[in-house]
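Hi everyone, thanks for making time. I'd like to walk you through a structure that may be new to you, so have a look at it while I talk.

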Amino acid sequence: MQALKTQLDTTASDYLEAKKNMQLLELAIKTLLKNAQEQGKEKQLATARKQGRLTGRERIELLLDQDSPFLELMPKLGYTLNMEKEGIKLVAGIGLVSGKLCLISANIGTLKTNLFDENTQVKSLRLKRIAIENRLPLVQLLESNEESVIPTKTTESPLEQTVSGINLVLNEAVLPLLQQASALDYTIFIKNRLPDALKYKADYLAENELDALRIIREVVDSFSDNHTFSPILIPTDIAPLHPIKDLQGMQFGLGKGLFDIRELMVRLVDRSEFTEYKAGFGKKMVAGFANIHGFPIGILANNAPIGKEEVVKLADFVRRCNQQHRSLLFIQNSIAFSLEILENAENPLLTIENALKNSTIPTLCIKIGCNKFTEKTPPIYGNAHQPRFLFSYLADLTHYDSNIMPSETRNHLAFALATIYNNVVEGEI
């Protein structure tokens, strides 16, 4: 492959001003995420410690393998900044347990609020879909409190569960949730927290929380080989030719003060090597083949509002990626994304959706651009298609699998691709 070249001047005043603004936005995101991680007030935390109860995040930390990366999913969903600084009610993410990638979720029982509100149910459904699509064991650390109202009926996932799950029941109040469990799931109870009459429902009985976490690790270890994610060796010489931190000062498009989307590719793909597809046709949409941390991937990104040529190009490229069994990354640029073209009689989204109907390859999406999206902004991949993972650079929207800093883009995509390809990327995420 041929390496892309950069036109960026990191000393230009416009770039430095944009970089300063992005750094302020990143600081705001980090502050918000820190507040969203609140585990409860000191009174509730002290009571939990006296009762021998861990917090939700402590349970996840102790369950994960030592030095395991952990990709937290939907870290802001359901969080609102208020006087109490109440954190999110369900922590979830992907990490290693007994050497195997698992999707782990934990209720934050030390919060004095309803832990099973609408946002939590939306998050739970999305987590289940991610686990099923990527064949990840789903480990649920279930806990309730006095303020919680357990839902009697939840929306079922449209996908059939094909992987085993593990449900750790931390108190009696969450037992109604087991009615929604799959027959493939394992159930673990803690002896002194449930009536003796109910213990027959457990596959395993634990002495305490630490013992329960040990049992989870042993159960995961016993899963068959199709759950095993073998480490892969990543060459040390595949880094992009230009630092990804340069993205802090860049916004993409075909206008004054904007940068060609290829400047993102230069800093994202291995060795900055990118084989562009139909470069002279549908020029507002950039398409091509590359690798990210050694994983082959096709990339589609818009520089400007898409038209008929771009739609044809997109549909053709999706078919090419299917021929090569190559995962596909959509980069949706909000600054260059116009709704006008979508309101025409010939809606290009319908063409895109038709191209994806018969597609069998995994897709990912990153939405980039600062504060330009709304919940009604149509996705570039069509309304009928849902990517395996959906990331965003934005600070103000919460319905994304992860809100990431531009400088974290490469590592987050590597983790997602490792999950899809059933391998483990070594190194910090």
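So, to start us off: how many salt bridges does the count come to? The count comes to 18 salt bridges. Keep in mind that what you're looking at is a predicted model, so everything I say is computed from that.

As background, side chains of opposite charge can pair when their charged atoms come close. Let me take you through a few of these pairs.

Here's one to find on your screens: Arg-59 and Glu-143. Their side chains form a salt bridge, with N to O at 2.7 Å. Arg-59 sits in helix 3, residues 56-63, while Glu-143 is in the loop between strand 4 (138-142) and strand 5 (165-169), so this salt bridge ties together parts that are 84 residues apart in sequence. And are these two buried or exposed? Both Arg-59 and Glu-143 are buried.

That pair has company, too. A network of salt bridges links Arg-59 and Glu-143 with Arg-53, Arg-193 and Glu-209.

Now for a pair inside one helix. Asp-211 makes a salt bridge with Arg-214, and their closest N and O atoms are 2.7 Å apart. Both belong to helix 5, residues 209-222, and they're three residues apart, about one turn of the helix. A quick reminder here: an α-helix has 3.6 residues a turn, so residues three or four places apart point the same way. As for burial, Asp-211 is buried at a relative accessible area of 15%, whereas Arg-214 is partly exposed at 38%.

Next, scroll along to helix 6, residues 262-268. In that helix Arg-267 and Glu-263 are four residues apart, again about one helical turn. They form a salt bridge too, the closest N and O atoms being 2.9 Å apart. Arg-267 counts as buried, with 1% relative accessibility, and Glu-263 counts as buried as well, with 6%.

Before I stop, let's go back to helix 1, residues 13-36. It has 24 residues, and at 1.5 Å a residue it should span 34 Å; the end C-alpha atoms are 35 Å apart, which agrees. Which residues of helix 1 are buried? Among them are Tyr-15, Met-22, Leu-25, Glu-26 and Ile-29. And what do those buried residues pack against? The buried residues of helix 1 pack against helix 3, and helix 3 is where we found Arg-59 earlier.

That's my tour, thanks for listening!

Notes
Residues numbered from 1 in each chain as written. Predicted model: local features only at pLDDT ≥ 70, side-chain atom pairs only at ≥ 80, totals over all residues. Heavy atoms only, no water. Salt bridge = Lys/Arg side-chain N within 4 Å of Asp/Glu carboxyl O. Helix = DSSP H or I, 4+ residues; strand = E, 2+ residues; numbered from the N terminus. Buried < 20%, exposed > 50% of the residue type's maximum accessible area, 1.4 Å probe, protein only. Expected span 1.5 Å × (residues − 1). Contact = heavy atoms within 4.5 Å.
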